[in-house]
Amino acid sequence: MRVTQSNKFGFTINRSRLIDYDSSDRKVREYVTLREPSFRLCFACGGCTATCTAGQHTSFNLRRMNTFIRRGEIEPLREEVKRCMLCGKCLLVCPRGVNTRNVVAAAAEAIVKLERNEL
Amino acid sequence: MNFELFTLPFNLGLYFILIYSVVRITIWFRDLSRSDKLRLQRGFFGRPFMDSLREIFMESLLHRKIFRKNPVLGYMHMSLAFGWFLLIVFGTFEADFFGEKHLNPPSHAIFFRWFNPEHGAEGFARIYSIWMDLLLAFILSGLLLAIIKRFTPRLMGMKKTTKHTWTDRIALISLWLIFPSRLLAESFTCGAHGSGSFLTGNLGNALASFLPVADIAPWFWWLYSLSLGVFFFLLPISRYFHIPVELFLIFMRNSGITTGDRHSSYTEVQTHACSSCGICISTCQMSYAAGIHDIQSAYFIKGLRNDRDIAAITANCLMCGRCEEVCPVGIELGPMRLIERRQGERSDRTLKLKEKYSLMRRRSTIEKRPTQSYSYLVREEPEKADVLFFAGCMTHLTPAVIAAMKKIMDSAGVIYRFMDENGGVCCGRPLMLAGRDREARELINHNSDIIWKSGAQILVTSCPICYKVFRESYYLEARVMHHSEFINLLIEEGSLRLGYLHKKVAYHDPCELGRGSGIYEEPRAVISYVAELQSSAQEANMSLCCGGSLGNLTLSSGKRAMIAADAVRTLTLCSPDELITACPLCKKTFVQVTKTKISDIAELVAAAIPAPKREIAKRRTAKRYSGAISNS
């Protein structure tokens with residue numbers, strides 16, 4: 001736990017709610033938003049995660065993956081994005097009409113491009 | 001007399017294109033795989049040879065397929081192709097019979113009137129001249145339609161026509177110029193010599209009355225020769241290269257060569273055989289229902305031919321297969337697109353003119369692709385079963401279909417095991433459609449393992465997407481059946497007893513089941529058994545896509561809804577009580593855009609299962625009871 005001002009006053013910050021701008025990389029988010037503008041529509045209801053085929057076999061969680069993309073947390077994203085089966089169930093349940101399959105595909109491409117320094 | 005300078009552009013062009021086509025086709029032949037080479041050789045000396053000749057006559061010259069779709073459009077294509085062919089053939093005969101000697105060079109036949117201006121004065125030659133004029137008039141009528149089509153495609157029954165590159169445009173103009181310039185050149189010469197028939201003779205006389213025709217004639221002969229020459233030189237880099245290549249393609253196809261799963265010289269031949277006629281654009285639902293006009297197969301092929309970065313075009317397609325169904329050249333557009341999806345991104349570059357003519361085409365480098373990994377999947381030990389039911393991911397979103405299937409199988413006394421009752425693994429088809437075959441193979445192996453271990457004889461699936469991949473990419477002992485086939489089997493066996501529903505229904509063929517797997521009859525047989533089946537405007541092999549297709553990775557939900565709404569409108573023109581489909585994805589997509597009740601074929605059948613006698617009695621009592629209450 002990092003020492004912050006709030007610690008001194010008896011408040012703590014949950015690790016998972018902390019965004020570290022030193023390590024975050026917003027390029028992936030920009031790439032994904034460019035390739036799939038509907039990504040912005042997501043309001044994190046979690047319907048995709050509830051229905052996910054891959055999610056029944058592993059900890060894959062599309063809602064969490066979206067958060068990783070938004071926050072620019074590349075390391076966890078790298079593994080997460082590989083698990084999707086692109087089956088498209090999430091596409092049908094999404095109340096906001098986010099093209100979820102393309103979000104995953106674009107995120108995977110972004111990771112590859114990042115490794116090649118093309119972003 | 002024997003040589004005129006104006007014939008030079010034509011002669012150069014003709015010999016250039018002949019040599020170029022032969023060399024190009026030889027190289028394509030050389031690059032074929034060993035087995036395909038053998039196929040082609042065997043096909044060349046066997047029955048397929050005659051089939052090919054017939055097909056060349058019926059399709060390349062008469063354009064029968066286009067005729068069936070749209071007679072006016074068919075006439076346009078036929079008059080240009082068949083008319084020109086007849087003009088060349090009869091022109092050659094004419095030069096042979098009426099010329100000075102036999103076996104003339106081609107230019108003597110093409111410019112016959114220049115060399116024999118007095119020809120056609122009397123007897124048989126006169127009749128022959130009428131025939132030649134008729135042929136020219138035939139072509140010119142087609143040309144007129146072609147010009148109308150270019151500027152107002154709707155008049156010709158086309159919703160949209162192709163947008164061309166500049167080389168295509170110059171080639172198009174030179175092609176358009178060929179026939180009017182021939183008409184004028186012949187008319188001027190005929191006018192000067194008082195010869196010619198109803199077309200060239202009359203026009204020549206009219207022109208001669210106020211113009212010095214003898215002086216002007218050579219100019220039009222030059223124009224005629226130049227337009228031919230330019231056309232021939234542009235042929236290899238324009239869409240008109242399809243004229244020689246299509247003939248080769250027909251021979252290859254009839255010899256049994258297929259597209260396969262990677263780029264080969266056969267895909268190269270198909271790429272060049274596309275004439276960009278635009279019939280695919282006109283048929284594409286994304287074009288007329290969703291207003292996307294730049295991704296259709298004609299543009300896909302064009303991008304491929306010019307080695308452009310077409311990743312966006314390649315991905316943005318529903319893979320419904322309607323364009324493949326109407327393509328007059330018979331190009332396997334679906335497999336071609338899948339190959340390109342597998343390839344991944346190309347670097348975008350504009351080909352230089354020299355590269356466009358190049359005989360050896362180097363494809364631009366392909367970049368590394370992201371990969372998926374499903375090593376987390378745990379192998380299962382399934383129970384033994386004769387009939388295995390695989391609902392599929394999409395069916396899990398339509399629980400009514402699963403319930404209906406359970407009811408049907410219980411009612412028919414089928415002992416089955418529900419393979420993915422607690423959520424299975426995706427069949428792999430969505431990954432294949434996204435061009436990730438290697439990853440799909442992982443899922444295929446996982447599912448195959450379960451199916452083999454269960455020892456099933458029949459694998460029933462409720463999802464056409466799964467059905468197609470089970471049939472084509474799995475190696476199974478079990479017989480794969482879509483539930484519509486399975487229900488049909490149960491009815492035929494007599495194990496499923498059904499009542500008759502007094503309903504009028506329309507049936508929507510899902511793409512993957514109909515065009516994708518060729519299952520048209522079984523669902524119709526099942527539906528007609530339990531209800532009155534109405535025919536709809538677009539059905540069987542020309543059925544519409546619901547718009548929900550997993551084949552398209554990038555289409556937005558708004559555009560999907562536009563396609564779905566348009567499709568439902570067409571399907572419910574005869575206002576049926578229910579619209580029946582056989583795919584959970586179609587059902588989910590349609591439900592969002594219409595008030596008409598959408599049911600799966602399984603739901604329809606389940607509703608026709610008569611209730612057990614005891615229950616009927618119970619229901620009657622309840623009714624009487626409720627009646628008594630309301631009376632009191």
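**The sheet β2-β1-β3-β4 of chain B**

In this predicted model, start with the open sheet of chain B that has four strands in the order β2-β1-β3-β4, paired in parallel. Select residues 416-418 and 479-482 of chain B to see the edge strands, β2 and β4, each of which pairs on one side only. Looking across the sheet, neighbouring strands are turned against each other by 25° on average, with direction ignored.

Next, select residues 387-390 of chain B, which form β1, and show β3(B) with them: four bridges join the two strands, which run parallel. Within this pair, L388(B) stands opposite L459(B) in β3(B).

Now move to the other pairing of β3. Residues 458-461 of chain B make up β3, and this strand pairs with β4(B) in the parallel sense over four bridges. To find one position in the pairing, label I458(B); its bridge partner in β4(B) is R479(B).

Then add residues 483-493 of chain B. This is helix α25, which packs on the sheet and touches β3 and β4 of chain B. Its direction makes about 95° with that of β4(B).

**The sheet β6-β5-β7-β8 of chain B**

Go on to another open sheet in chain B, where four strands follow the order β6-β5-β7-β8 with parallel pairing. The edges can be selected as residues 532-534, which are β6, and 597-600, which are β8; each of these strands of chain B pairs on one side only. From one strand to the next the twist averages 40°.

For the pairing at the β6 edge, select residues 504-508 of chain B, strand β5. Strand β5 and β6(B) pair in the parallel sense over three bridges. Here A506(B) stands opposite Q534(B) in β6(B).

**Helices α5 and α8 of chain B**

Leave the sheets and select residues 71-98 and 123-151 of chain B. These are α5 and α8, whose axes come within 8 Å and cross at roughly 150°. Angles over 145 degrees count as roughly antiparallel, and α5(B) and α8(B) are therefore roughly antiparallel to each other. The crossing in which α5(B) passes α8(B) is left-handed. Colour the contact of α5(B) with α8(B) by residue class: 20 residues are nonpolar, four are polar and two are charged.

**T259 of chain B**

Centre the view on T259(B), in the loop of chain B between α12 (242-254) and α13 (265-273). Is this residue buried or exposed? T259(B) counts as partly exposed, because it has 19 C-beta neighbours inside 10 Å, while a buried residue needs 20 or more.

Show the residues that T259(B) touches, leaving out those up to four places away in sequence: Y266(B), T267(B), E332(B), P335(B) and M336(B). Of these, Y266(B) and T267(B) fall in the range of α13 (265-273). For a longer jump, select S52(B), which is 207 residues from T259(B) in sequence and 18 Å from it in space, C-alpha to C-alpha.

**Chain A**

Now hide chain B and show chain A alone. How many helices and strands does its secondary structure have? Chain A has seven helices and zero strands, so a cartoon coloured from the N terminus on shows the elements as α-α-α-α-α-α-α. Taken along the principal axes, the C-alpha atoms of chain A fill a box of roughly 50 × 35 × 25 Å.

Colour the chain by burial: of the 119 residues in chain A, 41% are buried. Among contacts in chain A with a separation of 6 or more, 66% are between residues 24 or more positions apart.

**Where chain A meets chain B**

Bring chain B back and select the contact residues on both sides: 25 residues of chain A are in contact with 24 residues of chain B. On the side of chain A that touches chain B, α6 (89-93) and α7 (100-115) of chain A each supply at least two residues. Which element gives the largest share of this side? It comes from α7(A), with seven residues.

To finish, colour this side of chain A by class. The side that touches chain B has 10 nonpolar, 10 polar and five charged residues.

Definitions and conventions: Residues are numbered from 1 along each chain as its sequence is written. Chains are lettered from A and ligands numbered from 1 in the order in which they are written. This is a predicted model: local features need pLDDT of at least 70, side-chain atom pairs count only at pLDDT 80 or more; totals for chains, interfaces and linings use all residues. A residue is buried if 20 or more other C-beta atoms lie within 10 Å of its own, exposed if 12 or fewer, and partly exposed in between; C-beta atoms are placed from the backbone. Two residues are in contact if their C-beta atoms, placed from the backbone, lie within 7 Å. Axes are lines fitted to C-alpha atoms, for helices over the stretch in contact, and angles run from 0 to 180 degrees between N-to-C directions. Angles under 35 degrees count as roughly parallel, over 145 as roughly antiparallel, 65 to 115 as roughly perpendicular and the rest as oblique. A crossing is left-handed if the near helix is turned anticlockwise from the far one by less than a right angle, and right-handed if clockwise. Ala, Val, Leu, Ile, Met, Phe, Trp, Tyr, Cys and Pro count as nonpolar, Asp, Glu, Lys and Arg as charged, and the others, Gly among them, as polar. Two strands pair if DSSP finds at least two bridges between them.
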